[in-house]
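Dear colleague,

Here is the structure that I promised to pass on to you. Please look through it at your own pace, and then read the notes below alongside it.

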Amino acid sequence: SESTPEEGQKMLDEAVVPMAKAQAGFMSGVWMRKVSSPSEGVGVVVFATEQQAKDASEALRPPPDGPEVRGVDIYEVGAVA
């Protein structure tokens, strides 16, 4: 069943963000909900090194009752504004 926006926010605040921040090399993260479909979203998390990003992508898998992850990709930062 799909969660409500409030349940999704609670999961972000209490689980996802603290777990991401605890990962080695964590620099920043932005998690966004799709306005037209609040049960969908995307997160962008920046790590100091490629290896730390790879390690975190394994460690940050959602629980079985958590959100469906459709894909994880690792990008190199080209610019930050």
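**Helix 2 and what covers it**

What covers the buried residues of helix 2 includes strand 2, which runs over residues 37-47. Please bear in mind throughout that this is a predicted model, and that what follows was computed from its atoms.

The buried residues of helix 2, the helix spanning residues 50-59, are Ala53, Ala56 and Ser57. When one looks down the axis of helix 2, these buried residues fall within an arc of 105 degrees, so they line one face of the helix. The general rule behind such a pattern is that an α-helix has 3.6 residues a turn, so residues three or four places apart point the same way.

Ala56, which lies in helix 2, has a relative accessible area of 2% and is therefore buried. Once its neighbours within four places in sequence are left aside, Ala56 is in contact with Gln23 and Phe47. Ala56 can also be set beside Ala20, since the two are 36 residues apart in sequence and 7.6 Å apart in space, taken from C-alpha to C-alpha.

Ser57 likewise belongs to helix 2, and with a relative accessible area of 18% it counts as buried, because the cut-off for that class is under 20%. A polar atom of the Ser57 side chain lies 2.8 Å from the backbone oxygen of Lys54.

**The two strands**

Strand 1 and strand 2 form a hairpin, with two residues between them, and they pair in the antiparallel sense over eight bridges. Two of the pairings may help you to find your way along the hairpin: Gly29 has Val45 in strand 2 as its bridge partner, while the bridge partner of Trp31 in strand 2 is Gly43. As a general point to keep in mind when viewing the side chains here, in a regular strand they alternate between the two faces of the sheet.

**The aromatic pair**

How many aromatic pairs does a search of the whole structure find? The search finds one. The rings of Phe26 and Phe47 have their centres 6.2 Å apart and their planes at 80 degrees, and because planes over 60 degrees apart count as edge-to-face, the pair is described in that way. This pair links distant parts of the chain, with Phe26 in strand 1 (residues 26-34) and Phe47 in strand 2, 21 residues apart.

Of these two residues, Phe47 is buried, at 12% relative accessibility, whereas Phe26 is partly exposed, at 22%. Phe47 deserves a second look, since this residue of the aromatic pair is also in contact with Ala56, a residue of helix 2.

**The salt bridges**

The structure holds three salt bridges, and I take them here one at a time.

Arg70 forms a salt bridge with Glu40, and the closest N and O atoms of this pair are 3.8 Å apart. Because Arg70 lies in the segment after helix 2 and Glu40 in strand 2, the pair ties together parts that are 30 residues apart in sequence. Arg70 is exposed, with 69% relative accessibility, while Glu40, with a relative accessible area of 31%, is partly exposed.

Glu50 forms a salt bridge with Lys54, the closest N and O atoms being 3.1 Å apart. Glu50 and Lys54 are four residues apart in helix 2, so about one helical turn separates them. Glu50 is exposed, at a relative accessible area of 51%, a value that falls in that class because the cut-off is over 50%; Lys54, at 37% relative accessibility, counts as partly exposed. Lys54 is also the residue whose backbone oxygen lies 2.8 Å from a polar atom of the Ser57 side chain.

Arg61 forms a salt bridge with Glu58, with the closest N and O atoms 3.3 Å apart. Arg61 counts as partly exposed at 48% relative accessibility, and Glu58 counts as exposed at 52%.

If you have time for one view, I would suggest the side of helix 2 that holds Ala53, Ala56 and Ser57, together with strand 2, which is among the parts that cover these buried residues.

With best wishes

Definitions and conventions
Residues numbered from 1 in each chain as written. Predicted model: local features only at pLDDT ≥ 70, side-chain atom pairs only at ≥ 80, totals over all residues. Heavy atoms only, no water. Buried < 20%, exposed > 50% of the residue type's maximum accessible area, 1.4 Å probe, protein only. Arc of directions from axis to C-beta. Contact = heavy atoms within 4.5 Å. Polar contact = N/O pair within 3.5 Å; in protein donor to acceptor, adjacent residues only side chain to side chain. Phe/Tyr/Trp six-rings, centres within 6.5 Å; stacked < 30°, edge-to-face > 60°. Salt bridge = Lys/Arg side-chain N within 4 Å of Asp/Glu carboxyl O. Pairing = 2+ DSSP bridges.
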